[in-house]
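Ready for some practice in reading a protein model? Work through each exercise with the structure open beside you, then compare your steps with the solution.

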Amino acid sequence: MAQPPAPQEIYRRAEEEGERRLAMPLLEKTSTGFIAGITIVFGIVAFAMAEELARPRLGSALAHLIGALAFGIGVVFVVVGRSELFTENFFGPVAAAIGRHQRSAWIQLGRLWGVVLVLNLVGGAVMAAIFSVEGTLPTGAHHALAEAAREISTKSCLATFTRGLAAGTLLTLLSYLLHAAESTGSRIILAYAVGFFLALGPFDHVVVSGLHLLFGAWLGNTVSYTDVGSNLLLAGAGNLAGGLLLMTLTHTAQVKGARRNGNG
């Protein structure tokens with residue numbers, strides 16, 4: 001079995017991809033962000049449909065497991081389609097900004113994050129509006145979407161932040177590991193495994209949870225737009241903290257330490 005690349009090689013690949021991401025023109029940033037928002041909604045809807053179909057025979061716990069298995073396809077669509085979900089391709093651009101030692105790189109990074117996040121939500125909202133029309137989804141799917149949103153909205157502020165911390169760490173780990181993958185098949189497996197774990201948790205990703213709550217606001221009467229906004233702020237802060245502090249900076253320190261010792 002072939003050995004995976006060394007951390008220094010993974011980091012180098014991430015920096016190269018990060019430079020490309022930072023240099024993307026505005027049209028490319030907006031389109032890739034919009035496409036990712038549309039794409040991830042298919043995972044959300046797959047989760048709801050699978051869970052609702054499985055619950056009558058298997059009970060809530062196993063139904064949730066099956067729903068998480070279904071959600072993984074949404075992350076696969078994002079990764080294989082080379083679109084950009086907020087924090088899903090987090091590691092590379094941050095590594096590139098760190099490597100440049102230039103203020104302009106951090107400005108580019110902020111623009112990338114801002115455009116991608118907004119367009120993720122816009123694209124996802126368009127697709128959520130389509131799926132919210134009565135009769136578009138199988139019977140019971142709307143109820144499952146509304147229930148998932150209600151559960152997310154009842155979490156405390158601290159729990160929402162820590163769930164966001166976990167999601168940011170997990171997706172940044174995916175961003176890192178994808179640069180170690182040597183084939184499309186490996187990338188699919190990694191994306192699916194992370195998508196499954198993200199939904200199984202469930203952990204709060206700012207876009208995924210935000211769109212879940214938007215479904216709840218449109219399909220039920222227990223979720224408000226205030227809940228949506230609060231989750232976006234808390235989960236987004238957690239995603240950034242987890243992705244930066246617990247994953248990106250620690251891998252950066254690992255590689256810089258190896259370079260100083262003459263190992264890379």
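Two residues are in contact when they have heavy atoms within 4.5 Å. Helices (H or I, at least four residues) and strands (E, at least two) are DSSP runs, numbered from the N terminus. This is a predicted model, in which local features need pLDDT of at least 70, side-chain atom pairs count only at pLDDT 80 or more, and totals for chains, interfaces and linings use all residues. Residues are numbered from 1 along each chain as its sequence is written, and side-chain values use heavy atoms, with hydrogens and water left out.

**Exercise 1. Two helices that pack**

Task: Describe how α4 and α8 pack, and find which residues meet.

Solution:
- Step 1. Start with the geometry: α4 (residues 103–132) packs on α8 at an angle of about 35 degrees, and their axes are 10 Å apart. Here, axes are lines fitted to C-alpha atoms, for helices over the stretch in contact, and angles run from 0 to 180 degrees between N-to-C directions.
- Step 2. Add the handedness: this crossing of α4 and α8 is right-handed. A crossing is right-handed if the near helix is turned clockwise from the far one by less than a right angle, and left-handed if anticlockwise.
- Step 3. List the partners: α4 brings Leu117, Asn120, Leu121, Gly124, Ala125, Ala128, Ala129, Phe131 and Ser132, while α8 brings Val206, Val207, Leu211, Leu214, Phe215, Trp218 and Leu219.
- Step 4. Sort them by class: the contact of α4 with α8 has 13 nonpolar, three polar and no charged residues. Ala, Val, Leu, Ile, Met, Phe, Trp, Tyr, Cys and Pro count as nonpolar, Asp, Glu, Lys and Arg as charged, and the others, Gly among them, as polar.

**Exercise 2. Buried or partly exposed?**

Task: Decide whether Thr248, Phe71 and Ile73 are buried or partly exposed, and name their contacts.

Solution:
- Step 1. Fix the cut-offs: buried means under 20% relative accessible area, exposed over 50%, and partly exposed in between (1.4 Å probe, protein chains only).
- Step 2. Take Thr248, which lies in helix α9 (residues 225–260). Its relative accessible area is 0%, so Thr248 is buried. Beyond residues up to four places away in sequence, Thr248 touches Phe90, Phe91, Val94, Thr172 and Gly243.
- Step 3. Move to Phe71 in helix α2. Phe71 has 2% relative accessibility and therefore counts as buried. With neighbours within four places set aside, its contacts are Ile40, Gly43, Ile44, Phe47, Gly195, Leu198, Ala199 and Val208.
- Step 4. Compare this with Ile73, also in helix α2. Ile73 counts as partly exposed because its relative accessibility is 34%. Apart from neighbours within four places, Ile73 is in contact with Ala46 and Tyr192.

**Exercise 3. Backbone details in loops**

Task: Find what is notable about the backbone at Pro202 and Arg82.

Solution:
- Step 1. Locate Pro202 in the loop between α7 (184–200) and α8 (206–219). The peptide bond leading from Gly201 to Pro202 is cis, with omega near -20 degrees.
- Step 2. Locate Arg82 in the loop between α2 (26–80) and α3 (91–100). Its phi is near 60 degrees, a positive value in a residue other than glycine.
- Step 3. Check the surroundings of Arg82: at 42% relative accessibility, Arg82 is partly exposed.

**Exercise 4. Pocket and cavity**

Task: What are the volumes of the largest pocket and the largest cavity, and which residues line them?

Solution:
- Step 1. Learn the terms: on a 1 Å grid over the protein atoms alone, a cavity is a set of points where a 1.4 Å probe fits but cannot get out, a pocket is an open set with protein on both sides within 12 Å along at least five of seven lines, and lining residues have an atom within 4 Å of a point. Grid points are joined across faces, edges and corners, and a volume is the space filled by probe spheres set on the points.
- Step 2. Take the largest pocket, with a volume of about 380 Å³. Of its 22 lining residues, Phe47, His64, Ala148, Glu151 and Pro202 lie nearest its centre. Two or more lining residues come from each of α2, α5 (141–153), α7 and α8.
- Step 3. Sort the pocket lining: ten residues are nonpolar, four polar and eight charged.
- Step 4. Turn to the largest cavity, of about 40 Å³. Its lining consists of Glu84, Leu85, Phe86, Thr87, Asn89, Phe90, Leu112, Trp113 and Val116, which divide into six nonpolar, two polar and one charged.
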